[in-house]
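Here is a walk through one protein chain, taken a few residues and helices at a time. Keep the model open as you read.

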Amino acid sequence: MITKPVFVRNKKVVSASLVVRYGLLCLGLVIMVMPMVYMLTSSLRPNAMTFSYPPKVLPELSEITLENYEYVLLRQNFLSYITNTLFVAGVTTLLAATISSMLAYCISRFRFLGRNLLYGMIITTMLIPGLAMIVPQFELAVTFDLVDNLWGVILFYTAWVTPFSTFLIKGFIDNIPKELDEAIYMDGGTVFMVYRKVILPMASPSIAAVSIFNFLFAFEELGWSQTILRVDKLRTLPVAITQFFQAHNRTDWGFVFAMTCLSMIPVIILYVLLQRYFIS
């Protein structure tokens with residue numbers, strides 16, 4: 001007689017807590033998604049209707065137009081900007097994955113003079129933002145003739161993301177049994193064979209994870225690329241969007257929204273293809 005009312009009461013409490021949780025999640029979802037929805041719908045309306053009052057989130061069918069996208073794609077160098085950005089992000093990701101995985105393998109598996117000092121320097125550099133060293137980095141870029149050169153962006157991006165990538169991959173390699181390395185050595189294998197047949201396959205989740213974040217960083221970074229790239233045809237997408245926004249933020253919000261929506265497409269495709277690595 002006592003157990004049943006208590007059970008019902010507890011069930012009601014659990015149901016109420018679930019309602020509150022889902023309600024808060026839905027509220028957060030609306031807050032996160034609504035600005036993006038408004039940006040997308042505004043890019044499909046004429047510029048004159050962007051400032052209509054009261055503002056409308058969803059346009060009518062008669063208001064939908066692609067003139068903003070036509071302006072961005074046909075009258076701006078958007079394809080050049082996106083090509084530069086994908087090249088920079090892709091090469092940075094490949095270089096960082098290769099260098100950091102090899103470095104993490106050496107630090108994790110081998111004992112050599114200065115190993116702890118090297119690892120300590122890697123950890124220390126993680127605490128220094130890249131833009132904090134922008135003046136000496138720019139002088140270095142001038143010395144090696146890397147100004148107005150996409151490789152000047154790629155090499156410095158790689159240097160920025162390598163410490164964290166090495167730290168993360170090393171922690172993963174530390175958990176790989178060393179007996180697998182010894183089995184390769186007993187069969188006459190070399191250090192590079194161990195790296196290729198043991199480390200790379202088994203550490204691939206960590207390498208993929210850091211590669212995703214490195215790609216997003218190189219795709220979205222603004223400060224350094226804006227400093228070193230001054231020629232319009234070499235600009236990356238974040239720099240182009242910034243310049244475009246400064247030129248059109250008074251009356252041409254439709255153009256700005258259209259370029260921003262187009263810039264999100266590669267990131268969305270990346271997430272759809274690699275979402276299991278994001279989750280892991």
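A residue counts as buried under 20% relative accessible area, as exposed over 50%, and as partly exposed in between. Apply that to Cys26. Its relative accessible area is 46%, so Cys26 is partly exposed. Cys26 sits in helix H1, which covers residues 3-43. Keep in mind that the model is predicted. Now look from Cys26 to Ser165. The two residues are 139 places apart along the chain. Their C-alpha atoms are separated by 34 Å.

Next come the packed helices. Two packed helices are described by the angle between their axes and the distance between the axes. Start with H3 (residues 78-109) and H6 (residues 150-173). Their axes lie 6 Å apart, and the packing angle is about 40 degrees. How are H3 and H6 oriented to each other? Angles under 35 degrees count as roughly parallel, and 65 to 115 as roughly perpendicular. The angle here is about 40 degrees, so H3 and H6 are oblique to each other. The crossing of H3 and H6 is right-handed. The residues of this contact comprise 18 nonpolar, nine polar and two charged.

H3 also packs against H9, residues 204-220. Here the axes come within 8 Å and cross at roughly 145 degrees. The crossing of H3 with H9 is right-handed. Which residues of H3 take part? Among them are Ile82, Leu86, Val88, Ala89, Gly90, Thr93, Ala97 and Ser101. They belong to a set that meets Ile207, Ser211, Asn214, Phe215, Ala218 and Phe219 in H9. By class, the contact of H3 with H9 has 10 nonpolar, seven polar and no charged residues.

H9 has another partner in H8, residues 191-202. The axes of H8 and H9 come within 4 Å and cross at roughly 60 degrees. That angle makes H8 oblique to H9. H8 contributes Ile199, Leu200, Pro201 and Met202 to the contact. H9 answers with Ser204, Pro205 and Ile207. Six of the contact residues are nonpolar, one is polar and none is charged.

Stay in H9 for Ser206. Is Ser206 buried or exposed? Its relative accessible area is 6%, so Ser206 is buried. Leaving aside neighbours within four places in sequence, Ser206 is in contact with Ile169 and Phe172.

Now turn to the interior. In soluble globular proteins, nonpolar side chains tend to be buried together. The largest nonpolar core in this model has 39 residues. Those with the most contacts inside it are Val72, Phe78, Ala141, Tyr157, Trp224, Ile228 and Phe244. Several helices give two or more residues to this core, including H2 (67-75), H3, H6, H9 and H10 (223-228). H11 (237-248) and H12 (253-279) are also on that list. Which helix gives the largest share? The answer is H12, with eight residues. Another core lies apart from this one. That second core has 14 residues, among them Tyr105, Ile184, Val198 and Ile207.

Take Phe244 as a way into the largest core. Beyond its neighbours within four places in sequence, Phe244 is in contact with Tyr71, Val72 and Gln76. Phe244 also contacts Phe255, Val256 and Met259. Then move to Phe245, in helix H11. At a relative accessible area of 32%, Phe245 is partly exposed. Its contacts, with neighbours within four places left out, are Trp253 and Val256. Phe245 and Met259 are 14 residues apart in sequence. In space they are 9.5 Å apart, C-alpha to C-alpha.

Finish with a loop. Most residues other than glycine have a negative phi. Asp145 has a positive phi of about 55 degrees although it is not a glycine. Asp145 lies in the loop between H5 (134-143) and H6. Its relative accessibility is 61%, so Asp145 counts as exposed. Asp148 lies in the loop between H5 and H6. Asp148, not a glycine, has a positive phi of about 55 degrees. Its relative accessibility is 25%, so Asp148 counts as partly exposed.

Note on methods
Residues numbered from 1 in each chain as written. Predicted model: local features only at pLDDT ≥ 70, side-chain atom pairs only at ≥ 80, totals over all residues. Heavy atoms only, no water. Axes fitted to C-alpha atoms, helices over the stretch in contact; angles between N-to-C directions. Parallel < 35°, antiparallel > 145°, perpendicular 65-115°, else oblique. Left-handed = near helix turned anticlockwise from the far one by under 90°. Nonpolar A, V, L, I, M, F, W, Y, C, P; charged D, E, K, R; others polar. Core = buried A, V, L, I, M, F, W, Y, C linked by side-chain atoms within 4.5 Å. Buried < 20%, exposed > 50% of the residue type's maximum accessible area, 1.4 Å probe, protein only. Contact = heavy atoms within 4.5 Å.
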